Amino acid sequence: MIGWLHPGFILIIGALLIPLFKGKWKQAYLIIPPLAALIDVILMYTGVFGEIPFSSWHLPFLGYDLVFGRVDKLSFLFALAFSLASVPVMIYSLHVKSSSEHMCQLVYAGSALGVVFAGDLITLYFFWEIMSVASMLVIWHGATEKAHSAGFRYIMWHIAGGIILLAGIVIYIASTGSITFDAIGWNSGSTYLAAMLIFLGFIINAGVPPLHAWLPDAYPESTVTGSVYLSIFTTKSAVYVLARGFTGFGPLMWLGAIMVIYPIFYAVLENNLRRVLSYSLINQVGFMLCGIGMGTALSLNGATSHAFAHIIYKSLLFMSVGSVLFRTGTAKITDLGGLYKTMPLTTIFCLVGAASISAFPLFSGFVTKAMVVQASAFGGLAIVYVLLQLASAGVFEHAGIKVPFFTFFGNDSGLRVKDPPLNMLFGMGIMAFLCIFIGLYPYPLYQLLPYPVDFDAYTAPHVIESLQLLLFASFAFFLLITSGIYPPEGRTISLDTDWPLRLAGGKFIWFVKGPLTSFSNWMDGNVKRIAADFSLLGEEKEERVFIGVSVMLALLFLAFYLIVELLYQWIFS
Amino acid sequence: MMKVDLLLAVLAILGIIGYVFLFLGTAEPRHRHGNLFLTIVAFSLIIMVMAGLFVQWPVEFAWQEVTAFYAIFGFSAFTFLIYAAKGLRLWLSKDEDYYKKKGV
């Protein structure tokens, strides 16, 4: 047996070495860290480092035992998803010249693996914060004014979330004396407050409405490749920590149910494709949180497997939209359409991603989402079931129809651009293959899930139910679009829950720049004038003033002394 | 364990074909085989409803017994969603440089 190696560190150290390479060597080197991390994770499964579950990389710190490597079925599944996705995403971004962009992205991926393997709350917090900063830098690489300000807003959300999480962790450790990260006891009175704070910190990263506005605000502003990375790590590491800490927490199920519905309306309204996908991302995470909140073996299997499948197809969708952006310079529906003629491969990859997220039979989303929906049916949760099914129609509307249709079909925009470079196609090809592979043959994925799987997605009622729902939703789309009822896209944005914050923030900055600055200038002026008056005195009659003031002070002291003395006599005699 | 029944696989493939052909048939300017594509879509819709008649549906909820329930549900959910979004648009959609104009 050999010593366990942390795949997150492979990515982070690998990232720091990128500047040592130039040109072709750099391109060849770039693929090594993600590939090595993936091999490392696969080796974990083979038992080279010991039978799963095991823990490794313990570090004593202030009398506590930090655990960097807690490897069990849950952490392994997420680590596999993260490292498996990192390889095609890196291939997709090989053409990017900027070393710093690659570095930020790999550190971001590495820190997410750090979160996943963290066995205690302090290590978790450490990687959680690295992840926030690295992802902000990934956004800033968008290098536009919008990206810059969206990055600032993004980090404000995450700093707030991080502080809340830290407060929760500190109270938790103080009340339990333990730093181990496992189910957080929300039932016991002593840890209730800590649990709620930790929960709040987690759900900010998961993008639960109304605390989600940072996500559709910032993700579409990053670079073509940056958005793909962003779509993978932050929210899914939040899903992981919620699955670890809050399985069966009732309110989480309802938050998830709201979360699947809320963004679908926004996704219909949005003009920017990457923003549509960002809202769609929130909706998909809703399915996972709902499953975690239900807390049954089936629902938890559904939530975790859905996270796995989601990482693959969502990055595929971001990649295909990114390819369009890369070639045309825009990701706005109003500017696009008819690209299928000249971008056939990108169209096919996008359709594979769209079919997967819409849960078409034979594609990955079908075999995973079904478990969550089925769990709600088994639990007799009629409202949740209806909300999840309604959301399924909603997903199909925005990710299954809107994204591929208006980009690649729809009204011909006259743009005649080619498919993207080979490396981007190859990256998308791997993802598309995985979507279909998981859909056709989910058994290997089912084996990796936290609980034994006794579920078959391919039963006649389930297949026909999904096909009826999807195809008749398409039929509704057909009728609505040909009759002109389907709302045409406009060059608009949609106000979300950050609207009051942004306006209040704007007002605050206006207040600082306007009234507060004038007030401080006015005060400065007064102080300067008084100081100038004094200095005038000093310059003209320096000695006389000095003597005069001294005499006056001496007289004052004397008077003070006499008054005190007199009072003393009067009181005590 | 995961044996995909051949008939179901055929149905699923027909579903995918219906899905893609709807796009090809609806794109503007019209594809020269547009009508053929849409005919195949209509065929796939009919097949899905017919296939549903031969299936023993599990009844977790009473409504699952309604004929072609999921077809009706998918159609109406989609229509509801679009109308709801049309309504919300009046309220939520703003000009692209809304925040910029507000000085934010």
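Helices (H or I, at least four residues) and strands (E, at least two) are taken here as DSSP runs, numbered from the N terminus. With that in hand, W510(A) can be placed in helix α20 of chain A, residues 499-540. This is a predicted model, in which local features need pLDDT of at least 70 and side-chain atom pairs count only at pLDDT 80 or more, while totals for chains, interfaces and linings use all residues. Residues are numbered from 1 along each chain as its sequence is written, and chains are lettered from A and ligands numbered from 1 in the order in which they are written.

Let's start with chain A as a whole. Its secondary structure comes to 21 helices and 3 strands, and its C-alpha atoms fill a box of roughly 105 × 60 × 55 Å along the principal axes. Burial is judged by counting other C-beta atoms, placed from the backbone, within 10 Å of a residue's own: 20 or more makes it buried, 12 or fewer exposed, and anything in between partly exposed. By that count, 55% of the 573 residues of chain A are buried. Contacts are a separate matter: two residues are in contact if their C-beta atoms, placed from the backbone, lie within 7 Å. Of the contacts in chain A with a separation of 6 or more, 81% are between residues 24 or more positions apart.

Back to W510(A). This tryptophan is partly exposed, because 14 other C-beta atoms lie within 10 Å. Its C-alpha atom is 48 Å from that of A476(A), although the two are 34 residues apart along the chain. For a contrast in burial, look at I155(A) in helix α7 of chain A, residues 145-176. I155(A) counts as buried, because it has 20 C-beta neighbours inside 10 Å. Leaving out residues up to four places away in sequence, I155(A) touches S132(A) and M136(A). D65(A) is 90 residues from I155(A) along the chain, and their C-alpha atoms are separated by 30 Å.

Now for a couple of helices in chain A. The expected span of a helix is 1.5 Å times one less than its number of residues. Helix α15, residues 364-378, has 15 residues and reaches 22 Å from its first C-alpha to its last, close to the expected 21 Å. There is still a kink of about 25° in α15(A), centred on A370(A); the bend at a residue is the angle between axes fitted to the seven residues ending there and the seven starting there. Since 13 of the 15 residues of α15(A) are buried, this helix is largely enclosed by the rest of the structure. Just after α15(A) comes G380(A), with a positive phi of about 70°.

Helix α19, residues 460-482, has 23 residues and spans 32 Å, close to the 33 Å expected. It is mostly covered, with 18 of its 23 residues buried. Just after α19(A), G484(A) takes a positive phi of about 80°.

Some backbone details sit around strand β1 of chain A. The peptide bond from I52(A) to P53(A) is cis, with omega near 5°, and P53(A) is in the loop between α3 (32-46) and β1 (54-61). In strand β1 itself, W57(A) has a positive phi of about 55° although it is not a glycine. W57(A) counts as partly exposed, because it has 17 C-beta neighbours inside 10 Å. L62(A), in the loop between β1 and β2 (64-71), is another residue other than glycine with a positive phi, near 50°. L62(A) counts as exposed, because it has 7 C-beta neighbours inside 10 Å. Chain B has a cis peptide bond too, joining E28(B) and P29(B) with omega about -5°; P29(B) lies in the loop between α1 and α2 of chain B.

Finally, where the chains meet, the contact takes 61 residues from chain A and 56 from chain B. On the chain B side, α3(B) gives the most, with 16 residues. Counting Ala, Val, Leu, Ile, Met, Phe, Trp, Tyr, Cys and Pro as nonpolar, Asp, Glu, Lys and Arg as charged, and the others, Gly among them, as polar, that side divides into 38 nonpolar, 9 polar and 9 charged residues.

Helix α3 of chain B (residues 69-92) packs against helix α11 of chain A (residues 250-269) at an angle of about 75°, with the axes 9 Å apart. Axes are lines fitted to C-alpha atoms, for helices over the stretch in contact, and angles run from 0 to 180 degrees between N-to-C directions. Angles under 35 degrees count as roughly parallel, over 145 as roughly antiparallel, 65 to 115 as roughly perpendicular and the rest as oblique, and α11(A) and α3(B) are therefore roughly perpendicular to each other. Among the residues making this contact are F265(A) of α11(A) and R89(B) of α3(B). The full set divides into 10 nonpolar, no polar and 1 charged.
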